[in-house]
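Here is a short report on one protein model. It starts with a pocket and works outwards to the sheet, the helices and the confidence values.

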Amino acid sequence: MAATLLATLMAALTAGLLSAGPALAADWPLVRKGDSGVQVTTVQHLLTARGHVTGADGAFGDGTEAKVKSFQSASGLSPVDGIVGADTWSKLIVTVRKGDNGSAVKAVQTQLNRYGAGLAVDGDFGDGTDGKVKSFQGSKGLDADGIVGPDTWRALVTGTSGGSGGNSGLLTHSGAAAIFTSAGGINWTSSGNCSNRNSTTCTSFDGLRRSSADGTVTLRRASGCALTITGGTEAGHMSGTYSHWNGYKIDFSPTACLSNYITGTFPRTGTRAVDGAALYTAPSGNIYARERDHWDVTFLN
């Protein structure tokens, strides 16, 4: 009996450990050629810290793409595509603390300034930076030890702020479609076989937030599932700030692969009052609602 109980406990523990990775992977933003802003500057500082010296101008052009590919190759990552996603972020970040100096510290200071820290980006991890790190950690429910490790990095990079990153813009239908096509394994369909945003029978990406498009690509990669989008920003959905029309929501066909990934990776957090849909919430805050014939996903980060 004791041996059976121990085996059961070990199996449960192992399952929990193995499922932890995708939950974290789904949180990291995608940063790629054509982006600009704080996330790009952070990537550039970290590339320099890793020995791939890159100018920190906040513009993800050919030079930065080449450096990312060089870093990915040197780190044994695949594919070497020049896109900074979950796997590349996890290799790129550098743990830093009080007393450290250099480009990795500049990356931390750049991120902290998204949250109003007002730090000089000088690469010196002194008392001022230490205090701001501890304050940020406390606000996110992390151990306020002043050490910027993987958990603090993830909170910095994925957290919501008033700053302007590279993923806040609105896309055209063709722009979003190009992102999905480039990622592979993401298709879309509509009953009217159209993309007119003002028609309820169409599936449109006009006005889709870039972070929602990137979140879809991240979901595809983290889950390993082929995705079929059945609803975008077209008319006919519920209104509200975090709505389809405002570019925050995408509907997906509820394949067994996708449903198993969502329910097996994210905790169930309640039931939506308006329609009884079961809700699952990612650590990033993204919400997965199981409606009658599709998954309704709200990409908040």
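## Pocket and sheet

Twenty residues line the second largest pocket, and M238, Y242, K249, R272 and D296 lie nearest its centre. The model is predicted. The volume of this pocket is about 360 Å³. Three elements each give two or more residues to its lining: β5, β8 and β9.

These strands belong to an open sheet. It has seven strands in the order β2-β4-β5-β9-β8-β7-β6, and the pairing is mixed. Strands β2 (186-188) and β6 (268-271) stand at the edges with a single partner strand each, so one side of each has no neighbour in the sheet. From one strand to the next, the twist averages 30°.

Strands of a sheet pair through backbone hydrogen bonds, in a parallel or an antiparallel sense. The table gives three of the pairings in this sheet, each with a bridge partner pair.

| Strands | Sense | Bridges | Partner residues |
|---|---|---|---|
| β5 and β9 | antiparallel | four | F252 and W295 |
| β8 and β9 | antiparallel | four | A289 and D296 |
| β6 and β7 | antiparallel | three | G270 and L279 |

Strands β8 and β9 also form a hairpin, with four residues between them.

Which way do the residues of β9 point? W295 and V297 point one way, while D296 and T298 point the other way. All four are buried. In a regular strand, side chains alternate between the two faces of the sheet. D296 thus links several parts of the picture: D296 is among the residues nearest the pocket centre, and D296 is the bridge partner of A289.

## Helices on the sheet

Helix α8 (residues 173-183) lies across β2, β4 (227-231) and β5 (249-252). Its direction is at about 140° to β2. Helix α10 (residues 256-265) also packs on the sheet. It touches β4, β5, β7, β8 (287-290) and β9 (295-298). The directions of α10 and β9 make an angle of about 50°.

## Covered helices

Now to two helices from earlier in the chain. How many residues of α5 (residues 103-112) are buried? Nine of the ten are, so the rest of the structure largely encloses this helix. The buried residues are S103, A104, V105, A107, V108, Q109, T110, Q111 and L112. Their cover includes α2 (38-49), α6 (127-139) and α7.

Helix α7 (residues 150-158) is itself mostly covered, with seven of its nine residues buried. They are T152, W153, R154, A155, L156, V157 and T158.

## Confidence

The mean pLDDT of the protein is 86. A value of 70 or more is reached by 88% of its residues. Over residues 4-26, pLDDT is below 50. The model gives this stretch 14 contacts beyond near neighbours in sequence. Residues 160-168 also stay under 50. For them the model has 22 contacts beyond four places in sequence. Where pLDDT is low, the predicted coordinates should not be read in detail.

Definitions and conventions
Residues numbered from 1 in each chain as written. Predicted model: local features only at pLDDT ≥ 70, side-chain atom pairs only at ≥ 80, totals over all residues. Heavy atoms only, no water. Buried < 20%, exposed > 50% of the residue type's maximum accessible area, 1.4 Å probe, protein only. pLDDT = per-residue confidence, 0-100. Contact = heavy atoms within 4.5 Å. Pairing = 2+ DSSP bridges. Axes fitted to C-alpha atoms, helices over the stretch in contact; angles between N-to-C directions. 1 Å grid on protein atoms, 1.4 Å probe; cavity = no way out; pocket = protein on both sides within 12 Å on 5 of 7 lines; lining within 4 Å. Points joined across faces, edges and corners; volume = space filled by probe spheres on them.
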